[in-house]
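Work through the exercises below with the sequence and the model side by side. Each task is followed by a solution in steps.

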Amino acid sequence: MRQLDGHDASFLYSDTAHSNANVSLLHIYDQGTAPGGKVRFKSILAHIGSRLGRAEFFRSRLQRVPLELDTPYWVEDEHFDLEYHVRHIALPKPGDWRQFCIQASRIHARPLDLARPLWEIYVIEGLDSFLDLARGSFALLVKIHRAAVDVDQIGDIAMLLHDTAPQTRPAPPPEPWFAASPPGPWAMLCRAGLHSMLSPLQMASPLMRSFGRVVPATFAFAADLLRPPDPALVTRFNSVVSPHRVFDTRRFTVDEFERIRGLVDRASIDDAVLAVCAGGLRRYLDALGELPDPSLTALAPIAIGQAGSKSEPRDTGDTGARGGRTVRWLQVRLGTDIADPVQRLRSIHVQTT
């Protein structure tokens, strides 16, 4: 049993009927290279079942504290049902890109069942009318609640579900698993009371360890106070929203982004992606007559080297936390107030450096 910290719990408390903290991953597969040229749903189900023991969130559900006196806990789901979480659907004919985008949007917009583990996987077939896709291709849409996994670890979920070798053994039978009984209401209330009493003591230890950082932190805090705050711009993206979502894509090759980042010395693929998104936002809002004069900002993941290393974060476009690299979240002015795309890329690069 593991308790959610205040940060993760905030994603639960901020869910509304029109907005939720779901995160979705989408992969499309050509099954032509599989043995026999076919991947069956029961094989996918068995493969995912063999990976459940690799991450706690797969079989953990929320256990709320009575009267919401404390943040919820993750407990093992004694009624876990893999076939509830892994679902098999197909697009209606002709199975074109528009139908696929509508289906992905509807799946992402639906809230997850808070009484079950907070994830779902959809196997989507019927993609035969897609451009450049081999016949029989299928998609995998993975939906998970932000409270169940850190954003830094989203990419690790894809790594967990896939093999890195082209030839692998069939998935072994799942290991026996029996859920531990969750605590009852009185036990949860006792835990909440104990946690409230110990909170000051728990805070004391990290405060003592961080004493050596008090002086530089004070200077940084003072600098923040002296810096004028960026005004919160209201656009159609952060005002009142409906419960509906829209999913669409724009396809790029890696070579295209390599050429884009080459326009500014030492710019990264991350910088190029942000610049392209900024250009799209600028054109879209300008066409609607809603482009604000100040620049829009974005919270962007920036890959950095190992702690204590002197490596520059400009050598790759990787934004994951793998390979010894970690992620820093940086607020970036997107330069939507800059008409020239190269100048916009240069402005973003200066910030992310």
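## Strands, contacts and salt bridges

Strand β2 (residues 22–29) is joined to β7 by 8 bridges, and the two run antiparallel. The model is a predicted one.

**Exercise 1.** Place strand β7 among its partners and state how its residues are covered.

Step 1. Start from the pairing with β2: Leu 26 stands opposite Leu 141 in β7.

Step 2. Turn to β6, which is joined to β7 by 6 bridges and runs antiparallel to β7. In this pairing Ile 124 stands opposite Ala 139.

Step 3. Check the cover. Of the 8 residues in β7 (residues 138–145), 8 are buried. One side carries Phe 138, Leu 140, Val 142 and Ile 144, the other Ala 139, Leu 141, Lys 143 and His 145, and both faces are covered.

**Exercise 2.** Trace the chain from β5 to β6 and give the handedness of the crossover.

Step 1. Strands β5 (residues 86–90) and β6 (residues 119–125) run parallel and are joined by 5 bridges. Ile 89 stands opposite Ile 124 in β6.

Step 2. Between β5 and β6 the chain passes through helix α4 (residues 97–109), and this β-α-β crossover is right-handed.

**Exercise 3.** Describe the surroundings of Pro 182.

Step 1. Pro 182 sits in the loop between α5 (154–161) and α6 (185–209).

Step 2. Its relative accessibility is 27%, so Pro 182 counts as partly exposed; the partly exposed class lies between 20% and 50%.

Step 3. Leaving aside residues up to four places away in sequence, Pro 182 touches Arg 61, Gln 63, Val 75 and Glu 78. Two of these residues, Arg 61 and Glu 78, are linked with Asp 77 in a network of salt bridges.

Step 4. Compare sequence and space: Pro 182 and Trp 74 are 108 residues apart in sequence, while their C-alpha atoms are 9.4 Å apart.

**Exercise 4.** Which parts of the chain does the salt bridge of Arg 2 and Glu 56 tie together?

Step 1. The closest N and O atoms of Arg 2 and Glu 56 are 3.5 Å apart, and the cut-off for a salt bridge is 4 Å.

Step 2. Arg 2 belongs to strand β1 (residues 2–3) and Glu 56 to the loop between α2 (41–50) and β3 (60–63), so the pair ties together parts 54 residues apart in sequence.

Step 3. Arg 2 is partly exposed at 39% relative accessible area, whereas Glu 56 is exposed at 57%.

**Exercise 5.** Is Arg 51 buried or exposed, and where does its salt-bridge partner Asp 163 lie?

Step 1. The side chains of Arg 51 and Asp 163 form a salt bridge with an N to O distance of 2.5 Å.

Step 2. Arg 51 is in the loop between α2 and β3, and Asp 163 in the loop between α5 and α6; the pair links distant parts of the chain, 112 residues apart.

Step 3. With a relative accessible area of 5%, Arg 51 is buried. Asp 163, at 36%, is partly exposed.

**Exercise 6.** Name the residues of the nonpolar surface patch that includes Trp 329.

Step 1. Val 151, Leu 299 and Trp 329 make this patch, which is about 270 Å².

Step 2. Trp 329 is placed in strand β9 (residues 326–333) and is partly exposed, with a relative accessible area of 35%.

Definitions and conventions: Residues numbered from 1 in each chain as written. Predicted model: local features only at pLDDT ≥ 70, side-chain atom pairs only at ≥ 80, totals over all residues. Heavy atoms only, no water. Pairing = 2+ DSSP bridges. Helix = DSSP H or I, 4+ residues; strand = E, 2+ residues; numbered from the N terminus. Right-handed = clockwise from strand over helix to strand, strands pointing away. Buried < 20%, exposed > 50% of the residue type's maximum accessible area, 1.4 Å probe, protein only. Contact = heavy atoms within 4.5 Å. Patch = residues over 30% accessible without salt bridge, like charges linked within 9 Å, V, L, I, M, F, W, Y side chains within 5 Å. Areas by Shrake-Rupley, 256 points an atom, 1.4 Å probe, with all protein chains shown as cover.
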